[in-house]
Amino acid sequence: MTSPARPSAETIPLLDLRAQYDSIAPEIRAAIDEVLAAQQFVLGPLCEAFEQEVAQASGTRYGVGVASGTEALELALHACGVSAGDEVIVPAFTFIATGSAVTSLGARPVFADIEPATFNLDPSQLEMRITPRTRAIVAAHLFGLAADMDPILALAAKHGIPVIEDNAQSIGATYHGRKTGSMGRAGCLSFYPTKNLGAYGDAGMIVTDDEKLATRLRALRNHGQTGRYLSTERGWNSRLDELQAAILRVKLRHLADWTAARQSHAQRYDSLLRDLPGLTLPRVPDGREHVYYLYTLRVAGRVAAHNLRDDPSGATRSDIVQQRLADRGIASVVYYPVPLHLQPLYASLGGKPGDLRISERAAREVLSIPLYPELTPAQIDRVAQAVRDALRD
């Protein structure tokens with residue numbers, strides 16, 4: 001099998017994982033060789049060490065490595081008492097896994113709208129959605145920015161409902177001095193390869209300060225076993241393997257530098273793109289540190305049909321900016337074009353356009369442009385100029 005081609009000098013990808021690998025290849029190969037020499041691949045010392053390191057980096061006491069970020073959510077919700085027939089409040093504007101983790105347990109996701117400035121769960125939308133069947137609230141920290149956790153936690157405490165943090169995109173972000181993932185009952189991390197801390201395959205982790213919860217999660221991830229071949233409840237086969245742990249331990253040592261580079265690149269974009277009519281840049285409220293998993297613009301408005309080559313029906317200015325960036329060899333992506341309440345998966349729940357207007361508007365207006373640690377100032381300048389030109393036309 002041939003290796004994927006490295007993007008040419010004429011193109012700027014949304015993310016360049018090959019550039020990242022080139023910078024740490026000797027460390028990665030040495031870590032993999034260590035695992036191969038030891039011939040221990042599941043629930044070994046490297047996974048345990050990585051759990052401790054991520055827990056410390058997250059400001060928590062315990063980490064439980066699992067097979068993916070999605071299963072981290074499933075296990076955390078299950079361990080917090082969510083089961084068939086229950087309800088879990090989740091944001092409508094997020095990746096499908098935030099909702100499907102609820103569905104996989106036989107529970108019903110109850111979709112709430114977001115804050116327009118941050119794309120995160122709007123605390124004012126929660127009280128009206130709490131019922132006697134509500135068993136949890138999932139607060140997703142989207143694109144690298146923390147949700148407004150204080151009012152969410154206060155409301156949850158008032159009703160005796162646990163908060164699960166979906167921290168798949170925001171490892172290292174802070175909210176008034178506290179790390180994302182450390183504020184709720186449990187925090188769920190994804191190490192999918194594109195994440196700021198990405199594995200070379202699927203991997204995830206749950207972090208928590210609750211010792212009993214951590215102990216139960218360790219059993220749940222391993223077929224519910226509390227002893228050798230002794231299962232006390234139905235569990236999962238969801239374990240973070242030693243190869244991924246070894247790779248992620250190498251990458252974790254570089255994460256602070258990579259985050260600083262992302263933040264520097266975002267500041268450069270801010271300076272180059274500010275004050276453009278119809279364009280809103282990522283907002284960072286006071287007291288929060290953004291780690292820029294994505295640099296996501298809002299491009300307001302619709303366009304004339306003749307300005308778009310392909311299927312102009314319902315076209316937005318975001319569509320035309322994306323097309324014109326592509327014409328210049330610059331990648332961009334819409335995260336996420338269909339809010340959860342309008343996904344075909346949830347058609348039986350009766351969601352319809354207009355139910356959650358802020359999420360629906362975000363889906364029409366968002367556009368994420370290239371941002372990764374190895375991006376050069378010249379590339380940033382080129383992307384910014386292309387955005388400016390697209391908006392000017």
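Q: Why is Asp275 called exposed?
A: In this predicted model, Asp275 has a relative accessible area of 72%. Exposed means over 50%. The value passes that mark, so Asp275 counts as exposed.

Q: What makes the phi of Asp275 worth a note, and where does Asp275 lie?
A: The phi of Asp275 is positive, about 70°, although Asp275 is not a glycine. Asp275 sits in the loop between α7 and β12 (279–280).

Q: How do you know that Tyr292 counts as buried?
A: Its relative accessibility is 6%. Buried means under 20%, so Tyr292 belongs in that class. Tyr292 also has a positive phi, near 50°, and is a residue other than glycine. Its place is the loop between β13 (288–289) and β14 (295–299).

Q: What is the omega of the peptide bond that joins Tyr335 and Tyr336, and where is Tyr336?
A: Omega is about 15°, and the bond is cis. Tyr336 lies in the loop between α8 (317–327) and α9 (357–365).

Q: Why is Arg288 called buried?
A: Arg288 has a relative accessible area of 13%. The cut-off for buried is under 20%, so Arg288 meets it. Arg288 is part of strand β13.

Q: Which residues does Arg288 touch, beyond those up to four places away in sequence?
A: They are Thr118, Leu145, Ala146, Ala147, Asp148, Thr174 and Tyr175. A contact needs heavy atoms within 4.5 Å. Gln385 is 97 residues from Arg288 in sequence, and the two C-alpha atoms are 28 Å apart in space.

Q: What makes Ala173 a buried residue?
A: The relative accessible area of Ala173 is 0%. Buried means under 20%, so Ala173 qualifies. Ala173 is found in the loop between β5 and β6 (174–175). Beyond its neighbours within four places in sequence, Ala173 is in contact with Gly144, Arg178, Lys179, Thr180, Glu289 and Val291. The C-alpha atoms of Ala173 and Glu48 are separated by 23 Å, with their positions 125 residues apart along the chain.

Q: Which residues of α4 are buried, and what covers them?
A: The buried residues of α4 are Ala97, Thr98, Gly99, Ala101 and Val102. Their cover includes α3, β2 (87–91), β3 (108–112), β4 (134–140) and β5 (163–166).

Q: How many cavities of 30 Å³ or more are there?
A: The count comes to 2. A cavity is a space where a 1.4 Å probe fits but cannot get out. The largest cavity has a volume of about 80 Å³. The second largest cavity holds about 60 Å³.

Q: Which residues line the largest cavity, and how do they divide by class?
A: The lining is Ala117, Thr118, Phe119, Leu142, Phe143, Leu145, Pro282, Arg283, His290, Leu294 and Thr296. By class, there are 7 nonpolar, 3 polar and 1 charged residues.

Q: Which residues are the closest to the centre of the second largest cavity?
A: Of the 14 lining residues, these are Leu15, Leu17, Gln20, Lys195 and Arg262. The lining divides into 5 nonpolar, 4 polar and 5 charged residues. Helices α1 (17–38) and α7 (242–273) each supply at least two of them.

Q: What makes a space a pocket rather than a cavity?
A: A cavity lets no probe out, whereas a pocket is an open set of points. The largest pocket has about 520 Å³ of space. Its lining has 28 residues, and Gln169, Tyr192, Thr194, Lys195 and Tyr293 lie nearest its centre.

Q: Which helix gives the most to the lining of the largest pocket?
A: That is α3, with 3 residues. Both α3 (69–79) and α4 (96–103) supply at least two. The classes in this lining are 14 nonpolar, 10 polar and 4 charged.

Q: How do α7 and α10 pack, and what is the handedness of the crossing?
A: Their angle is about 35°, and their axes are 10 Å apart. Helix α10 covers residues 377–392. The crossing is right-handed.

Q: Which residues of α7 and α10 meet?
A: From α7 come His265, Arg268, Tyr269, Leu272 and Leu273. From α10 come Pro377, Ile380, Asp381, Val383, Ala384, Val387 and Arg388. By class, this contact has 8 nonpolar, 1 polar and 3 charged residues.

How values were computed: Residues numbered from 1 in each chain as written. Predicted model: local features only at pLDDT ≥ 70, side-chain atom pairs only at ≥ 80, totals over all residues. Heavy atoms only, no water. 1 Å grid on protein atoms, 1.4 Å probe; cavity = no way out; pocket = protein on both sides within 12 Å on 5 of 7 lines; lining within 4 Å. Points joined across faces, edges and corners; volume = space filled by probe spheres on them. Nonpolar A, V, L, I, M, F, W, Y, C, P; charged D, E, K, R; others polar. Helix = DSSP H or I, 4+ residues; strand = E, 2+ residues; numbered from the N terminus. Axes fitted to C-alpha atoms, helices over the stretch in contact; angles between N-to-C directions. Left-handed = near helix turned anticlockwise from the far one by under 90°. Buried < 20%, exposed > 50% of the residue type's maximum accessible area, 1.4 Å probe, protein only.
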